Amino acid sequence: MGARVDVVEVRKSWGEGGSGGDGTVAEALAGVSFVLEPGELVALLGPSGCGKSTLLHLLGGLDRPTSGQVTVNGHDLARLSEADLDLYRRRTAATVFQLFNLLPTMTALENVALPLLLDGVPASEADGRAERLLGEVGLAAKSGSFPWQLSGGQMQRVAVARALVASPALLLADEPTGSLDSRSGAQVLDLIAELASARGVTVLLATHSEPAAGRARRVLRLRDGLLER
Ligand SMILES: Nc1ncnc2c1ncn2[C@@H]1O[C@H](COP(=O)(O)OP(=O)(O)O)[C@@H](O)[C@H]1O
Ligand SMILES: [Mg+2]
């Protein structure tokens, strides 16, 4: 079941606003509000530096807003205990990164199974689920390969399998095609769209590419930390 996400007047800034500094505050998000309905695939489009990764980090529970609220399935992430936030990061929200972030000393199968093992799933079950996911991304034959033996597109497909293996409700994809040629980029987007839709997973796809964003039903345009109307 996909997550419902409510983002309300979220701001994120770094730096010193007090009398000690020069008064400069870098504001990456300047008051952002939107809703993601369960199972929706929405693109977050904007140029480099506009705040996309910052926003995805907040939704992934990896960082906290300076002000405003991020609510997922009715839970305000700021009100979760550290233990619940940890569970949220392991079970509810998953991320796919531009540079894949696979562990280089582990095979494709081990990379995909890892989130389950870290969550206490027995090894035989974790391996079985990882193998099934690798099959769904078309890489059953590569389960014993190490990342360096795979192409960029294959590495990203492994990363998509890893992101989905624990059945998350929310998939955050941060420029998932940014390191790929257009053909393998298109394959990865197809895969994310297909697998997420089959599972009802809510997806927020950050990209600076208009064609990539065009594959989403709805596009949020972010510019200098603000959504365009
Ligand atoms: N940890 C940080 N400390 C200070 N400034 C940051 C930090 N992370 C991001 N920024 C700044 O916030 C703005 C938005 O960055 P980011 O969210 O990475 O944009 P995007 O992902 O759209 O390229 C940029 O100006 C960036 O320099
Ligand atoms: Mg970014």
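**Exercise 1.** What is the order of the strands in the open sheet of four strands? Work out the order, then look at how the strands pair.

*Solution.* Bear in mind that this is a predicted model.

Step 1: Reading across the four-strand sheet gives β2-β1-β4-β5, and the pairing is antiparallel.

Step 2: Now find the edges. They are β2 and β5 (75-76), each pairing on one side only.

Step 3: Go through the pairs. Strand β1 (residues 5-14) runs antiparallel to strand β2 (residues 26-36), with eight bridges between them. One position to look up is V10, whose bridge partner in β2 is V32.

Step 4: On to β4 (residues 67-72), which is antiparallel to β1 and joined to it by five bridges. Here R11 sits opposite S67 of β4, and D6 faces T71 in β4.

Step 5: Finally, add the helix. α1 packs on this sheet, where it touches β1, β2 and β4, and its direction makes about 55 degrees with that of β2.

**Exercise 2.** Trace the open sheet of six strands and say which strands stand at its edges.

*Solution.*

Step 1: The strand order here is β6-β7-β8-β3-β9-β10, and the pairing is mixed.

Step 2: Check the two ends of that order. β6 (93-96) and β10 (226-227) each have a single partner strand, so one side of each has no neighbour in the sheet.

Step 3: Zoom in on one pair. Strand β3 (residues 41-45) and strand β9 (residues 218-223) are parallel, with four bridges. Within this pair, V42 has R218 in β9 as its bridge partner.

Step 4: Look for helices on the sheet. α1 packs here as well, touching β3, β6, β7 (170-174), β8 (202-207) and β9, and its direction makes about 155 degrees with that of β7. Helix α2 (residues 82-92) also packs on this sheet; it touches β6 and β7, and its direction makes about 55 degrees with that of β6.

**Exercise 3.** Describe the surroundings of ligand 1, from the shell of residues down to single atoms.

*Solution.*

Step 1: List the shell. Around ligand 1 you'll find W14, A28, P47, S48, G49, C50, G51, K52, S53 and T54.

Step 2: Sort the shell by character. Four of its residues are nonpolar, five are polar and one is charged.

Step 3: Ask which element gives the largest share. That's helix α1 (residues 52-59), with three residues.

Step 4: Pick out the polar contacts, using a cut-off of 3.5 Å between N or O atoms.

| Residue | Part of the residue | Distance to an oxygen atom of ligand 1 |
|---|---|---|
| C50 | backbone N or O atom | 3.3 Å |
| K52 | polar side-chain atom | 2.9 Å |
| S53 | side-chain N or O atom | 2.9 Å |

Step 5: See how well the ligand is covered. On its own, ligand 1 exposes 560 Å², and the protein buries 55% of that.

Conventions
Residues are numbered from 1 along each chain as its sequence is written. Chains are lettered from A and ligands numbered from 1 in the order in which they are written. This is a predicted model: local features need pLDDT of at least 70, side-chain atom pairs count only at pLDDT 80 or more; totals for chains, interfaces and linings use all residues. Side-chain values use heavy atoms; hydrogens and water are left out. A residue is near a molecule or strand if one of its heavy atoms lies within 4 Å of it. A polar contact is a pair of N or O atoms within 3.5 Å; within protein, one must be able to donate a hydrogen and the other to accept it, and residues adjacent in sequence count only if both atoms are side-chain atoms. Accessible areas come from the Shrake-Rupley method with a 1.4 Å probe; for residues, only the protein chains shown count as cover. Helices (H or I, at least four residues) and strands (E, at least two) are DSSP runs, numbered from the N terminus. Ala, Val, Leu, Ile, Met, Phe, Trp, Tyr, Cys and Pro count as nonpolar, Asp, Glu, Lys and Arg as charged, and the others, Gly among them, as polar. Two strands pair if DSSP finds at least two bridges between them. Contact means heavy atoms within 4.5 Å. Axes are lines fitted to C-alpha atoms, for helices over the stretch in contact, and angles run from 0 to 180 degrees between N-to-C directions.
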